[in-house]
Each structure stands twice: as C-alpha cells, then as structure tokens.
Amino acid sequence: MPEDLEVALDPEAGSLESLATRAITHAADTLAGYFSVTAGAAGGLSTGTNTWTSNVSSFLGAVSGNSYAFGSAGLSVMGYGQRQIEMVREDYRALRMSRARKKAEDKARRLFIRVVGESAWLDFKESRYHEIVSPSGVRYRLRPGLRVQKMIGYDGSMVEIEYCAHMPFGIPWWDTMVVQHLMLTASRESEAKFLAVANRHDPLTKYPIPELDRNAGLAA
Amino acid sequence: MPSITEPDTSGDVKLSWDPKNPNEVERAKAHFEKLKAAGHIFFRLSPDGGKGDKTSLFHKQDGELIYEFDPEDDVLATKVPVGG
C-alpha cells in the first residue's frame, strides 16, 4: 500500500468524513496524474468538501463512465460504502496492532538474549527450549508461551511436572521467559517465590514439541 | 549507563541515568522506591549481558536479586508473575 494512502486510511486520523476526504484526495490526485490533467481541469476542486466531492464525482464519472453517488447517509468513496470503509479501517487497525506486537516481541527477544547470553541463545535455537539449573539443583526447561517443565531422571530428560506462571497477557512472551529465567536462577528465595505462585499441571511431553512449534510458527 | 528496565507491552521501558549526576540519580532512586512499593522485584543485570565471569568473588553476580537501589546497578524490575 502506498505510504501516503496508508496515512490517508489512518483510522486514528479523525472523523470518517476526513478519512474519506483524504482518500478521495489521494484518488483524485492519482487519476489526475494518470490522465495528465490538472486539479483545476479535474472539475474545479474547491476547498469545500461538498463541492469537492461532487466535483471529484463528476471527474471520476467522466473518466470511467460510471457515476459515484454521495448519499446523505454517509460518504461513498470510489464506490465503497460506509460499512466497507469501516471494515478497511478495522483491518488497518489490526495490521498496526500486529506490527506493534511483533516489534515488542523482537525487542523482548533482544532483552532475553542479553540476559541469558549468546551461548544460551544458540543452544535455544538448536534445541528449541531454554534449559537452566536452579540454585537448588533443579533442572527446568522454558519455552516462550508454554509452561515451565521440571526435569528429572538420571539424564534430566523426563518431565515430572509443569509450572505455569507468566506476565500479564499483552506483555511479550520473551519478557515472561526473562522473568522466569531470573526467578529460577537468581536465588533459592526467588525460585521458591516462583514456585509458590505458579499453578501445577501434569506434564504433556518434554520440549521441544514439534506440533506446538509449527502452530506457533517456530518450526525450524 | 545504568538503567532500570521494566517489561511492558512495548517490549520494555527503560529509565537510564548518569551516576555522576545527582539529580538523575535522585530521580532514578525515587522511581526504584515507587516500583518497590508497588510490589516489584529487582534483578541486577551485568553490563556485558550474561557473559560476566560468575566465578569471580569480586564480580557482582548477574541476575542477583537486589533490594536496595545502587546508582551503579543495571536492573530489571518486574512484578511477580501470575499463576496460569
């Protein structure tokens, strides 16, 4: 989507009318360019919205042979009804939120790498889980968005129990991993504090779990 | 520069200060105390990020739980996670 149209469709920009007006401006400018006509020739654009929209409507109608109606119930932009404008607006809002969340997760992942170190990060990328040993000698496996697994057995490869304690939803999963890592490794006191707040669950199977990785888009 | 880093919905928010500037140190300390009163816990982060020599007796332990403000410390402040 062209950046200027993206700005024109910004749902935070103001009223539906101003949104539609800017979208019309963009469309009219673009078409004026395509057909090598000036804004003046393109229907005598004025500063008044009603005059402007009716002039653009005339222009677009003359160019395309179609007629574009601007009803009193709402604005019709290039044949889009009000409901469609709202749907585009909602879709654009969701797009902006998903971009914001991805940016937040990237930032949180950099914090995680900083806290655990490059070596542990490389291990995570290879094994698909982050394994730590607490001050009390317990081995845990951590995964973003999943429960903390307590590992037992002579080689630490069996899951005894799973603990679920995380940051409030909306905070990136990598931040939760940072906090889990620090609480479980800093001291016996912080480990006990974590275990006191976490809910306990029967284990699924030990990490990594390829199906969960695929669903989360983390599969290698 | 030392800082207090708090995870939030944007990833994290950071308050940094110059340890040689008394006003900035005072502001950071006030923020630390405010977070402490709100129930946050604090972990010391090493400047080189997880690569410090943890065997040295003179090395401040990376990831150590701390309770008092130190203007030289790089700190992560967080609420205790909730059970899920």
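Below, a trainee and a mentor talk through a predicted model.

Trainee: What does the secondary structure of chain A come to?

Mentor: Chain A has eight helices and five strands. From the N terminus, the order is α-α-α-α-α-β-β-β-β-α-α-β-α. Of its 220 residues, 40% count as buried.

Trainee: What share of the contacts in chain A joins residues at least 24 apart?

Mentor: The share is 55%, among contacts between residues at least 6 apart in sequence. As for the surface, the accessible area of chain A is about 12000 Å². Carbon and sulfur atoms hold 54% of that area.

Trainee: Why is H4(A) called oblique to H5(A)?

Mentor: Start with the angle. The axes of H4 (residues 82-116) and H5 (residues 118-127) of chain A cross at roughly 120 degrees. Roughly perpendicular ends at 115 degrees, and roughly antiparallel needs over 145. The angle of roughly 120 degrees falls in neither class, so H4(A) is oblique to H5(A). The two axes come within 6 Å.

Trainee: Which residues of H4(A) and H5(A) meet?

Mentor: Arg109(A), Phe112(A), Ile113(A) and Val116(A) come from H4(A). They meet Glu118(A), Ala120(A) and Trp121(A) of H5(A). By kind, the contact has five nonpolar residues, no polar ones and two charged ones.

Trainee: How do you know that H6(A) and H7(A) are oblique to each other?

Mentor: The reasoning is alike. Their axes cross at roughly 125 degrees and come within 5 Å. Oblique covers what lies between 115 and 145 degrees, so H6(A) and H7(A) are oblique to each other. On the H6(A) side, the contact uses Gln180(A), Leu182(A), Met183(A), Leu184(A) and Ala186(A). H7(A) supplies Ser190(A), Glu191(A), Lys193(A) and Phe194(A). The residues of this contact divide into five nonpolar, two polar and two charged.

Trainee: What makes Ser134(A) count as buried?

Mentor: Its relative accessibility is 5%. Buried means under 20%, so Ser134(A) counts as buried. Ser134(A) sits in the loop between S1 (130-133) and S2 of chain A. Beyond its neighbours within four places in sequence, Ser134(A) is in contact with Tyr140(A), Leu184(A) and Glu191(A). The C-alpha atoms of Ser134(A) and Met183(A) lie 9.0 Å apart, with their positions 49 residues apart in sequence.

Trainee: Why is Arg128(A) called buried?

Mentor: Use the 20% cut-off again. Arg128(A) has a relative accessible area of 16%, so it is buried. Its place is in the loop between H5 and S1 of chain A. Arg128(A) and Arg141(A) are 13 residues apart along the chain, and their C-alpha atoms are separated by 9.9 Å.

Trainee: Which residues have the most contacts inside the largest nonpolar core?

Mentor: They are Tyr140(A), Tyr163(A) and Phe194(A), in a core of 34 residues. Chain A gives two or more residues from each of H4, H5, S2 (139-142), S4 (158-166), H6 (173-186) and H7 (188-197). Strand S3 (41-45) of chain B does so too. H6(A) gives the most, with seven residues.

Trainee: Which residues is Tyr163(A) in contact with, leaving aside neighbours within four places in sequence?

Mentor: Among them are Tyr140(A), Phe194(A), Leu195(A) and Ala198(A). The list also includes Arg147(A), Lys150(A) and Arg200(A). A second, separate core has 12 residues, including Ile4(B), Ile66(B), Phe69(B) and Val75(B).

Methods: Residues numbered from 1 in each chain as written. Chains lettered and ligands numbered in written order. Predicted model: local features only at pLDDT ≥ 70, side-chain atom pairs only at ≥ 80, totals over all residues. Heavy atoms only, no water. Helix = DSSP H or I, 4+ residues; strand = E, 2+ residues; numbered from the N terminus. Buried < 20%, exposed > 50% of the residue type's maximum accessible area, 1.4 Å probe, protein only. Contact = heavy atoms within 4.5 Å. Areas by Shrake-Rupley, 256 points an atom, 1.4 Å probe, with all protein chains shown as cover. Axes fitted to C-alpha atoms, helices over the stretch in contact; angles between N-to-C directions. Parallel < 35°, antiparallel > 145°, perpendicular 65-115°, else oblique. Nonpolar A, V, L, I, M, F, W, Y, C, P; charged D, E, K, R; others polar. Core = buried A, V, L, I, M, F, W, Y, C linked by side-chain atoms within 4.5 Å.
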